[in-house]
Amino acid sequence: MTDIDAPVVIIGAGPVGLATALVLGRYGVRSMVFEQYDGINPHPRAHVVNTRSMELFRTWGIADAVRADAVDPAWAATILWKQTLAGEPLGRIDLVEGPEDQLLRRIHASAEQLTSCAQDRVQRHLLDAVLAQGMATVHYSTTVVEVTDLGDSVDVTVEGVGGRQILRTCYAVAADGATGGLRDTLGIAMDGSPVLGHQLNIYFHADLSPWMREDPALLVWLINSASPGLLIGMDGARRWTFQRTIDPAAESPQDYPPERCAQIIREAVGTTELDVDVRSVGPWTMTARTAETYRSGRVFLVGDAAHQFPPTGGLGMNSGLADADNLGWKLAAVLRDGASDALLDTYERERRPVAVGNARHSMLNAIKMAEVGIGPETTRIAGRLESPDPAVAAAERRRIAEAIPPQRPHFDALNQEIGYVYGAARHSDDAPVSATDYAPIAVTGARLPHAWIERDGERVSTHDLLVPGFTLITGPGGADRADAFAETGEGMAKRSVVIGRDVTSPDGYCPKVLRIGEDGAVLVRPDGHIAWHSAEGSSPASALAALLNAAERSA
């Protein structure tokens, strides 16, 4: 057994595992990351990077790099339904041409916008940031074979090129994905729906510009009897994935060699003349499940190890990144700053209800997509579209065209991305959540609303004021309180910002959206969520102490 100088071991070097390491490093906590594979998986899976994730990337310093690798916004704004790629559209959703109030709401809600960047590219930027930070070591081709919670420490048994060894650390974080075995060995069950279906994801390179040049789209849903599925543009040029349903009782991925996959792509495009370079094929199981608990002693679940959603909504990776941000600062507060271990229990209390809501939203999207031929009704609907009776085919085309516009919340769910409030009753298992009707609110548990302000003559977001610690924002009359807060105690960094002295709000929107008047104040946690608001009648120092000691229900 070897005692290591990294108090946290992270199992899995996917986006969420790397994000956990990056967040810990921002607070001066070292970690070791172990990944069983030999590097970043080149097969792109997730691709949606939602508003909240882009805000996190902005804070972590990689938003520009991710944006540079993202699909052109002109592509990302369009979703098409066709019989084949070469055919005429059955209908479309253009996110830029939606209801004006909804568009303005999204534009004004954040300094960042939802984008599409292939997961392997996102992962590369996270890895580069982790390595540049120098607070974590990443070990590929190394398998974690056992995790033993000793009560006051954790033994992690790893096996790699250097043989087998046991490492003793303080905490372990399971970021080993949906198929990782650590959750099961901990005896943590999953709540939710059984298997919803089985999918095959074909990653290929091809020049589809003859069909995409004039009418580009990020997603193209193809409804036909020969090769139905979903085509996703991973770079808007040559990298694509195609997802189709398979029956594991009758076939396996081995039944899909490159030659067969290439033919499947040609049939989906609607041409016999297409050079298709099949790079990889990956099966996956569609479920909607959430772990019953996110913590077992000194071991925590994050990302797909804790929750799995249907891809209808693009919330999987994004939920995991927010998990990492929430857990990372709390581990740092306990390890470095003497916070109560009970603070770590608030990770599950805050993040699990959000996952339950995201699972519900994703399930509703998946069910609703059946109306437009995606799911168990594909064969029947494709048969009607291909009917030799022109009247039957025309009627089905009209029906699909009418069913497409109501699918918009599937692709434009701003409230689902940034509107959740930790501790709010509306995120209980029974409470419905509006996916689109986001309104910025400055209440305990909510994400700090974005507002443009001026600092030293530069236009910045309220989010740019935050430090890797706690930030107190006050009105002009709160200067004394702000300065006293910034100078108090040890522990995580503390910053105070006085509107009118340190920053200005030329349009007056910032104090209005934060709900702080002349003497008002708002205390922001390290993860950008509000810990306290002056209207609640306590002091920022006492509110901070209560949070770190978990003496009250966390925000």
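Let's start with Thr271, which sits in the loop between α9 (258-269) and β17. Is Thr271 buried or exposed? Its relative accessible area is 18%, and because the cut-off for buried is under 20%, Thr271 counts as buried. Keep in mind that this is a predicted model. The side chain of Thr271 reaches the backbone nitrogen of Glu273 at 3.1 Å. Setting aside neighbours within four places in sequence, Thr271 is in contact with Trp211 and Arg266.

Another buried residue is Asn201, found in strand β13. Asn201 has a relative accessibility of 5%. Its side chain joins that of His43 in a polar contact of 3.0 Å. Not counting residues up to four places away in sequence, Asn201 also touches a string of others, including Pro44, Thr241, Phe242 and Trp284. Ser280, Val281 and Gly282 are among the residues it touches too.

Here are the polar contacts mentioned in this report, side by side.

| From | To | Distance |
|---|---|---|
| Thr271 side chain | Glu273 backbone nitrogen | 3.1 Å |
| Asn201 side chain | His43 side chain | 3.0 Å |
| Asp389 side-chain oxygen | Ala391 backbone nitrogen | within 3.0 Å |

**Strands β13, β17 and β20**

The strand that holds Asn201 has a partner: β13 (residues 190-205) runs antiparallel to β17 (residues 277-291), and 13 bridges join them. One place to look is Gly192, which stands opposite Arg289 in β17. β17 is also joined to β20 (residues 307-308), again antiparallel, by two bridges. Arg289 turns up here as well, with Gln308 as its bridge partner in β20.

**Two open sheets**

Strands of a sheet pair through backbone hydrogen bonds, either parallel or antiparallel. One open sheet has four strands in the order β1-β11-β10-β9, with mixed pairing. Which strands stand at its edges? They are β1 (2-3) and β9 (143-149); each has a single partner strand, so one side of each is left without a neighbour in the sheet. β1 and β11 (residues 163-169) pair in the parallel sense over two bridges. Thr2 has Leu167 in β11 as its bridge partner.

A further open sheet, also of four strands with mixed pairing, follows the order β24-β23-β25-β26. At its edges are β24 (493-498) and β26 (530-533), which each have a single partner strand, so one side of each lacks a neighbour in the sheet. From one strand to the next, the twist averages 15°. Inside this sheet, β23 (residues 469-474) and β25 (residues 521-524) run antiparallel and are joined by four bridges. Thr471 is paired with Val524 in β25. Helix α16 (residues 479-486) packs on the sheet and touches β23, β24, β25 and β26. The direction of α16 makes about 165° with that of β24.

**Helix α13**

Now for the helices. α13 (residues 390-403) has 14 residues and spans 20 Å from its first C-alpha to its last, close to the 20 Å expected at 1.5 Å a residue. Which of its residues are buried? Ala393, Glu396, Ile400 and Ala403 are. They cover an arc of only 90° around the axis, which puts them on the same side of α13. There is a simple rule behind such patterns: an α-helix has 3.6 residues a turn, so residues three or four places apart point the same way.

The buried residues of α13 pack against β6 (89-94) and α12 (378-385). On the face turned away from that buried side, you'll find the exposed residues Pro390, Ala391, Arg398 and Glu402. At the start of the helix, a side-chain oxygen of Asp389 comes to within 3.0 Å of the backbone nitrogen of Ala391.

**Helix α5**

The buried residues of α5 (residues 100-109) are Gln102, Arg106 and Ala109. Looking down the axis of α5, they fall within an arc of 70°, so they line one face of the helix. What do they pack against? Their packing partners are α2 (51-60), α14 (408-411) and α15 (414-418). The face turned away from the buried side of α5 carries the exposed residues Glu100 and His108.

Definitions and conventions:
Residues numbered from 1 in each chain as written. Predicted model: local features only at pLDDT ≥ 70, side-chain atom pairs only at ≥ 80, totals over all residues. Heavy atoms only, no water. Expected span 1.5 Å × (residues − 1). Buried < 20%, exposed > 50% of the residue type's maximum accessible area, 1.4 Å probe, protein only. Arc of directions from axis to C-beta. Contact = heavy atoms within 4.5 Å. Polar contact = N/O pair within 3.5 Å; in protein donor to acceptor, adjacent residues only side chain to side chain. Pairing = 2+ DSSP bridges. Axes fitted to C-alpha atoms, helices over the stretch in contact; angles between N-to-C directions.
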